[in-house]
Amino acid sequence: MTLDVMVIDDSSVQRMHAVRLCQELGWNVVAEGDDGLNALLQLRTRTVQPQLILLDLEMPGINGVALLKELAGLQLSVALMIVSSREQTLLDSVAVLGRTMGLNIIGVVQKPLKKEPLQHAYEACLLHDNALQQTTQQVLSVILSEALAQDQLQFMYQARIEMRSRIIHSLRLIPCWQGGEHPPEILSPYDSDSPKWLKRLAEQIQLSLSHLAAWQMRGLRLALNIPVPVSLLAKSWFAETISVSLNALQISPAALILEVNRWEGDDAASIINSLSLLRLHGVGLAFADQGNGFAWLEEQGLMPFNEYHIPADLLVRAQQREISRHLLRGYFAMAREFQLKTLVASVRSRADWDVLLSLDCDFVAGNWIAPPLSAEEVPQWIKSHAEAIRSL
């Protein structure tokens with residue numbers, strides 16, 4: 001999908017660098033501004049209508065902060081990403097200021113600008129840019145339909161590590177696009193209720209249980225973590241089908257961890273019934289927090305969860321902002337209070353690992369630890385990387 005971008009930076013070198021990165025990503029740079037006033041005139045006259053603005057803070061005349069105030073008055077339907085060489089705390093403060101003015105600040109990044117933050121900005125545009133005039137669910141439905149029709153969607157496995165013992169405890173089922181633009185971390189298909197997707201996922205769950213049984217027969221003591229949409233849990237046959245399959249494959253129910261991120265809606269009673277039946281059979285259940293804070297804990301008495309999956313983006317913010325560090329510690333403390341195992345599923349660096357280790361996190365996963373693997377690759381990867389994991 002083409003993204004129309006405007007680059008505002010008084011440095012011609014920095015501006016050219018940003019333009020080149022945008023072009024490498026296949027984006028359409030529709031305008032450039034060499035200072036705040038020049039950019040404001042273009043936007044005020046509507047001669048350009050970008051979907052995303054890359055905005056430098058330090059410019060002569062109208063600087064980035066002053067331009068944000070002017071843009072708020074224009075009420076443009078545009079996403080903004082703040083780029084600067086200044087300290088992260090200042091960038092975060094400016095982003096907060098912009099959001100309080102009603103602007104769609106989708107990210108901040110320190111210079112030198114790199115391709116990955118720009119890609120994240122694009123993904124955020126899909127979710128948040130009003131100019132696209134589509135809801136998240138509509139965007140997701142289109143992406144899924146295309147991926148399924150073109151056979152671009154496949155399922156992979158990613159290792160979950162038990163932090164205290166440094167052992168490969170389990171594998172998490174994740175969807176991946178072949179050559180697609182939208183990684184599942186940003187647009188999770190597990191939120192979709194597309195009948196074609198649910199049918200594909202139900203088939204994959206059965207296949208994954210067969211993979212688990214085969215790995216266990218090879219002596220690999222593994223569990224399997226599968227995210228499940230509530231629309232599938234609401235099906236009357238789902239819990240019984242899982243129980244029958246586990247029994248037929250001689251898999252201990254405790255070796256399966258089903259993960260959900262909500263249960264509200266018209267089918268709440270059916271969902272709670274499925275969750276209760278599965279937990280009664282001994283299947284592990286995890287709640288994946290999508291940024292709802294502690295509100296869900298009020299319903300913990302109704303939900304038989306034994307794992308709590310903490311938002312990965314909170315971990316990122318905790319390394320930048322003190323308030324987020326306090327909040328992250330609170331999440332872990334609350335989980336321990338309810339005797340829930342904890343997992344963060346998107347560890348991206350050694351710094352992430354060290355923070356979670358200090359917080360006594362139970363399980364971690366992510367690309368820093370292990371790449372997505374096919375079912376055939378799993379045994380050899382475990383054999384060749386088990387020692388490296390123990391040495392973390």
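**Entry 1: surface and burial.** I looked up the accessible surface first and found that the protein chain exposes about 18300 Å², with carbon and sulfur atoms supplying 50% of it. I note here that the model is a predicted one. I then turned to burial: 49% of the 392 residues of the protein chain count as buried.

**Entry 2: secondary structure and contacts.** I recorded 14 helices and 13 strands in the protein chain. For contacts with a separation of 6 or more, I found that residues 24 or more positions apart account for 68% in the protein chain.

**Entry 3: Gln319.** I located Gln319 in the loop that lies between α11 (312–318) and α12 (322–337). Is Gln319 buried or partly exposed? I noted a relative accessibility of 35%, so Gln319 counts as partly exposed. Which residues does Gln319 contact, once its neighbours within four places in sequence are left aside? I listed Arg325, Ala351, Asp352 and Val355. For one of these partners, Asp352, I also looked up the spacing: Gln319 and Asp352 are 33 residues apart in sequence, and their C-alpha atoms are 8.3 Å apart in space.

**Entry 4: cysteines.** I searched for disulfides and found zero in the structure. I then checked the accessibility of two cysteines. Cys22 has a relative accessible area of 0% and is therefore buried. Cys361 stands at 1% relative accessibility, so Cys361 counts as buried too. The cut-off I relied on for both is a relative accessible area under 20%.

Methods: Residues numbered from 1 in each chain as written. Predicted model: local features only at pLDDT ≥ 70, side-chain atom pairs only at ≥ 80, totals over all residues. Heavy atoms only, no water. Helix = DSSP H or I, 4+ residues; strand = E, 2+ residues; numbered from the N terminus. Buried < 20%, exposed > 50% of the residue type's maximum accessible area, 1.4 Å probe, protein only. Contact = heavy atoms within 4.5 Å. Areas by Shrake-Rupley, 256 points an atom, 1.4 Å probe, with all protein chains shown as cover. Disulfide = S-S within 2.5 Å.
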